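Visitor: Hello! I would like a close look at one part of this model: the open and closed spaces, along with the packing around them. Please go slowly, as I am new to this.

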Amino acid sequence: MNNKTLAALLATTAVLLGLADTAGAQAAPEAVIAHYADIAEAKYSDSLTTAKALDSAIDALLASPSDVTLQAARNAWRAARIPYQQTEVYRFGNPIVDDWEGRVNAWPLDEGLIDYVDADYYGSESDENTLFTANVIANDRLIINGQAVDASRITPQLISQTLQEAGGIEANVASGYHAIEFLLWGQDLNGNGPGAGNRPATDFSLEHCTGGHCDRRREYLAAASDLLIADLAEMAADWSAGGAARKALEERGIAGGLSTILTGMGSLSYGELAGERMKLGLLLGDPEEEHDCFSDNTHNSHLYDAVGIRNAYLGTYTRPDGSVLSGPSLSELVAAKDAAIDGELKADLDATIAAMEAMAKRAETVEAYDQMIATGNAEGNATVQAAIDGLVKQTKSIERVIAALDLGTIELEGSDSLDNPNAVFQ
């Protein structure tokens, strides 16, 4: 072997060793945790971008209220839900996100706080909530905790600082996606029957006003949209380099960071999504227990929650423009420890997505989610139950992953709906 050949061989070997080292670094726990934070930043940034598109559609609606502009605003709201729902896996395990989340995605809400409601369907009073039918759009003076409140101007500050959870009652949801959803659709008065909310575009018209107080309804919708943008901008910044959420994650170290990822996956999968958002409504047959109850968009919200859980494990995220963000994944770490467990969880995640997609397809072609959960609808119930079963099964695999990584005990969210169904009826 001459010197030139030897030199070439050594150079090639050095390159290959360098690539191997790089690959190893990319699969290191630190890199997995950093990539999890990068995806969070991307998801919240995309949520902000789509909220701005929603805001533009709302501006167009208010400039020229019509069936066309109202439908465009509703379509923009649905599109905005897709990246946001994929962020919910960050809520559990990240206290900064959990403390903030209620400002943008709290539900269910006593919508009578915000606007007019059908008393025959909604009820006219509540012992627990004196603001049950306060209707701030119709009333510029409110009494909250015995104190007079000037609501003559509906601003983001009034909504966030005075109305949101007014009186310390969680059902007084005044801000976020669901407040905007109610304003765009109005109440769904169909129970378990077909049809979503059907607010007319003239509810936002100054010249042909229906529903009364159209000037204040317009003011509320614009303010709620501005507030959603501000709240999402805050969280996107929290996940950027040097942001509070990213720094808090880094400070937990490797074990803490991996535990955070798995806490989010397991808690959303089991207690929150399978339990409180799905099984509870199925047990009760109650359309008021569906997540996007005014728009009948619940099937998509549940689907993209499940997609977000899989994202967190595989280290991938498909952005609204179709581009894919991918990198070091928890799956790679688990495969290095126990390939069988990794394969099991990936198969379970895929099976859950398939069940969710079947549910979504049924919602788009046969009947809405609130019809599926109706008591006595055997086929619809079974479709929803299949998705619940998938979530429960994948949670068991998540627990095996926790054991395989030697992360000790991680407390995942539970749910009476799954763990003690009889308590739901007491």
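Guide: We will visit the pockets, then the cavities, and then some helix packing linked to them. This is a predicted model, in which local features need pLDDT of at least 70 and side-chain atom pairs count only at pLDDT 80 or more, while totals for chains, interfaces and linings use all residues. Residues are numbered from 1 along each chain as its sequence is written, and side-chain values use heavy atoms, with hydrogens and water left out.

Let us begin with the open spaces. A pocket is an open set of points on a 1 Å grid over the protein atoms alone, with protein on both sides within 12 Å along at least five of seven lines; lining residues have an atom within 4 Å of a point. The largest pocket has a volume (the space filled by probe spheres set on grid points joined across faces, edges and corners) of about 520 Å³. It is lined by 20 residues, and Arg 91, Ala 106, Trp 107, Pro 108 and Glu 170 are the closest to its centre. Two elements give two or more residues to this lining: helix 4 (95–105) and helix 10. Helices here are DSSP runs of H or I, at least four residues, numbered from the N terminus. Helix 4 provides the largest share of the lining, six residues. By class, eleven lining residues are charged (Asp, Glu, Lys, Arg), six are nonpolar (Ala, Val, Leu, Ile, Met, Phe, Trp, Tyr, Cys, Pro) and three are polar (the others, Gly among them).

The second largest pocket holds about 250 Å³ of space. Of its 13 lining residues, Leu 109, Asp 110, Glu 111, Tyr 122 and Glu 288 are the closest to its centre. Here the lining divides into eight nonpolar, one polar and four charged residues.

Now for the closed spaces. A cavity is a set of points where a 1.4 Å probe fits but cannot get out, and there are three cavities of 30 Å³ or more. The largest cavity has a volume of about 70 Å³. Among its 15 lining residues, Tyr 36, Ile 39, Asn 311, Ala 312 and Gly 315 are the closest to its centre. Helix 2 (29–63) and helix 11 (298–314) each supply at least two residues of that lining, and helix 2 gives the most, with five residues. The lining has nine nonpolar, five polar and one charged residues.

Next, follow helix 2 to its partner, helix 3 (residues 67–85). Their axes (lines fitted to C-alpha atoms over the stretch in contact) come within 8 Å and cross at roughly 170°, on a scale from 0 to 180 degrees between N-to-C directions. The two helices are therefore roughly antiparallel (over 145 degrees). In their contact (heavy atoms within 4.5 Å), helix 2 residues including Tyr 44, Asp 46, Leu 54 and Leu 61 meet helix 3 residues including Leu 70, Trp 77, Pro 83 and Tyr 84. This contact has 16 nonpolar, three polar and two charged residues.

Finally, return to helix 10 (residues 253–284), which gives residues to the largest pocket. Helix 10 packs with helix 15 (residues 378–404) at an angle of about 155°, with their axes 9 Å apart. That makes helix 10 roughly antiparallel to helix 15. The contact includes Leu 262, Met 265, Tyr 270 and Leu 282 of helix 10, and Asn 381, Ile 388, Leu 391 and Ile 402 of helix 15. By class, it has 15 nonpolar, six polar and one charged residues.

How values were computed:
Parallel < 35°, antiparallel > 145°, perpendicular 65-115°, else oblique.
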